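Student: I've got a chain to look over and I'd like to go through it with you. Can we take it one question at a time?

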Amino acid sequence: EQYGWEVTKDVKDLVDHATYKAVFVLDMLDSFEQDYARTEDYDFAKNLSELLVKAYEKAGLTLVRVPIM
């Protein structure tokens, strides 16, 4: 278990063998609406975004932050 969620061996293997040079991290938009496709609430989405950034950093990937324009 990592970051409060179970990470399977398949996922760990994929991450360990990833060959990305950089990961683009988009800032969250000011407006947030739940719909048929986005079922999580704002707090969950924000937490997920932060956890992804931590995971990318831990994997040693270069982060390219993309601000809201």
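Student: How far apart are the mean positions of the positive and negative charges of the chain?
Tutor: Lys and Arg count as positive and Asp and Glu as negative, with His and the chain ends not counted. Each charge is placed at NZ of Lys, CZ of Arg, CG of Asp or CD of Glu. With 8 positive and 14 negative charges in the chain, the two mean positions are apart by 8 Å.

Student: Before we go on, what kind of model is this?
Tutor: Local features need pLDDT of at least 70 and side-chain atom pairs count only at pLDDT 80 or more, while totals for chains, interfaces and linings use all residues, as this is a predicted model. Residues are numbered from 1 along each chain as its sequence is written, and side-chain values use heavy atoms, leaving out hydrogens and water. So, in a word: predicted.

Student: In what pattern do the helices and strands follow along the sequence?
Tutor: Helices (H or I, at least four residues) and strands (E, at least two) are DSSP runs, numbered from the N terminus. The chain has two helices and two strands. Read along the sequence, the pattern is α-β-α-β.

Student: What radius of gyration does the chain have?
Tutor: The radius is taken over C-alpha atoms, and the globule rule is 2.2 Å times the number of residues to the power 0.38. For 69 residues, a compact globule would come out near 11 Å, but the chain has 14 Å.

Student: Is valine 25 buried or exposed?
Tutor: Buried means under 20% relative accessible area, exposed over 50%, and partly exposed in between (1.4 Å probe, protein chains only). Valine 25 sits in strand 1. Because its relative accessibility is 8%, valine 25 counts as buried.

Student: Which residues does valine 25 touch, leaving out those up to four places away in sequence?
Tutor: Contact means heavy atoms within 4.5 Å. Valine 64 is 39 residues away from valine 25 in sequence, yet their C-alpha atoms are 6.0 Å apart. The full list for valine 25 is Val53, Leu63, Val64, Arg65 and Val66.

Student: Which strands do the buried residues of helix 2 pack against?
Tutor: Those buried residues are Ala45, Leu51 and Val53. They pack against strand 1 (22-26) and strand 2 (62-66).

Student: What span should helix 2 have?
Tutor: The expected span is 1.5 Å times one less than the number of residues. Helix 2 covers residues 42-58, and its end C-alpha atoms are 24 Å apart. That agrees, because its 17 residues should span 24 Å.
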